[in-house]
Amino acid sequence: MAGRPNRSASLQTVPLHAAEPDPAAVSLDKVKAILAPLDRAQKSKLFELVQAGHLEDDQMTVEIGRLIVAMLNGPRTEHARRIWTGWFDPVMLRTDALMLAETRPPGCMHVVDASAWWFALLPHLRELAGRVQTDIAARASEHPLDAVLASPAAADWAEELRVRSLAILRQRGGAGTLLATANAERITLLRKRGLTSVAPLSMGDLAMLDAMLEHAPSWRGAVRPRDTIGILHTVSEMAQQEGTPDGALFYALSLVNGSRDPDQALALYGLFPNSPLVEAAVGHVQFAWQCLRQKLEDVHLGRPAPPQLTAGETVDRLQERAFRWYDALQSFGVERGGRNWAAVSAAVGRVTGLVEGEVVPVLSHRLLTLNASASARPLIEPVRFINGFNHRLRRRGIAASTNPWLTAIGEHLAALFRQIGSYGRDDALSTMAELCELAEETGYPIEITAIDKTLLAIVERALRDGRELNAGESRLIERVVTVATEERRKCRWWVSGELVSLLDAAQQRGIGPAAS
């Protein structure tokens, strides 16, 4: 009986050879490694050269062409969605600030909004979207996706999607379902961007989507101009081409929403002196003052503002924008007591109420509890900001207290000034200079007298050691020298030795008038 074949023995007798690497694959890997550091423009140029036949090997031309296409196109696959949302590219907001507006200005179409609307419409576009997806994917396997999306075929698909979308939007009875679906999808998209507490889309937004799709051909291919003259020229031409200003008006609104610049808004208002741009101006006034309010809450009261709201802008910059929009209102025909004034007054009132009712008390507490071991420097700028803010309010006839700082603050800072001088600290002069600056900002300048021998000694020591003085120290020294000079002028026949020595040191440093 024959036994079973010895499989292990037969395997041992057959020599094992490692699989030889495919030379073509190795070559492509090397090419990929070389191409990886190149930027998109360089890869695109290289693809053009390959397609022009600059490689002698036809097979390598095909393979390298596909490799470059794959690197250029990346993982992007939702081609139908991209073609549909492309209608909104010239008017779409990509920064998130206005998404957090308590009252959004008209004409805001954010990238998240466009995507949400697409997902709401997609069940009604399923067959058409499938055909678009298949066709574009096939073309994108051989050509860069950007070129495919800019092709006549993509333009035809885009138009078909636009027309079909308008038909769906205008069907009776479907608005509620579309809106609910869009809002559900939008919540997910907003969370991915870290946005919460965003107002949902409304029926007004649905109507705006319809109008934007209707007029989207007006701005197709438009490139955002860089200056106001270019903007006016582009928008004016757009209005003339269609014979109706509606499409150009939506485009103008998108420019204002993108720049949030009142000067640009006023220039465009000259072309469209109608309610949408007035409403946009009022909306931007409200938003500018909202940003300022929430930034002040963040900085002074520990109520964190969403980072997307101010995008790292300083409180000074936000204040500047808020007052610029406020000052522009009259040119938009928004007068005190008029129809739109209540919304403006409420936005400004919330900030002034916050400053008077919360920010000033918090800063006052910090001023009254300042001690000799803490620096006064961090308080100078906030106090200066409040003073400047109140000054701007008074200039515009908006009620503001003349001096919001209590007299007790001035008394405390003066006492702290004397206390620092008596300690004999090495940093006494710079600390006292900061206190002087802070006291002046609160409206209670610290009195400098020639009989304060401790202060005279501190100043003389700083003058004689020859070190470089900062601006605050220099101002304090000049005040002391001025007072000492006046004291010497009044008492020509007798002055203290400390005062004479101080004036001598000041003369040697070239400060104050020459001693007589």
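**Exercise 1.** Is E440 buried, partly exposed or exposed, and what is its relative accessible area?

*Solution.* Let's start with the ground rules. This is a predicted model in which local features need pLDDT of at least 70 and side-chain atom pairs count only at pLDDT 80 or more, while totals for chains, interfaces and linings use all residues. Residues are numbered from 1 along each chain as its sequence is written, and side-chain values use heavy atoms, with hydrogens and water left out.

Step 1: recall the classes, where buried means under 20% relative accessible area, exposed means over 50%, and partly exposed lies in between (1.4 Å probe, protein chains only).

Step 2: apply them. E440 has a relative accessible area of 41%, so E440 is partly exposed.

**Exercise 2.** Find the salt-bridge partner of E440 and place both residues in their helices.

*Solution.* Step 1: a salt bridge needs a side-chain nitrogen of Lys or Arg within 4 Å of a carboxyl oxygen of Asp or Glu.

Step 2: E440 pairs with R479, at 3.6 Å from N to O. This contact joins distant parts of the chain, with E440 in helix α21 (residues 428-441) and R479 in helix α23 (residues 471-490), 39 residues apart. Helices here are DSSP runs of H or I with at least four residues, numbered from the N terminus.

Step 3: R479, at 27% relative accessibility, is partly exposed.

**Exercise 3.** Describe the burial of the pair R321 and E313.

*Solution.* Step 1: R321 and E313 form a salt bridge, their closest N and O atoms being 2.8 Å apart.

Step 2: R321 has a relative accessible area of 14% and is buried. E313, at 15%, is buried as well.

**Exercise 4.** Describe the largest pocket and find a salt bridge at its lining.

*Solution.* Step 1: a pocket is an open set of points on a 1 Å grid over the protein atoms alone, where a 1.4 Å probe fits, with protein on both sides within 12 Å along at least five of seven lines; lining residues have an atom within 4 Å of a point.

Step 2: the largest pocket holds about 380 Å³, a volume being the space filled by probe spheres set on the points, which are joined across faces, edges and corners. Of its 18 lining residues, the closest to the centre are R82, I83, G86, D89 and L149.

Step 3: helix α9 (152-169) gives the most to this lining, with three residues.

Step 4: R82 and D89 meet in a salt bridge of 2.9 Å, N to O. R82 is partly exposed at 37%, and D89 is partly exposed at 25%.

How values were computed
Helices (H or I, at least four residues) and strands (E, at least two) are DSSP runs, numbered from the N terminus.
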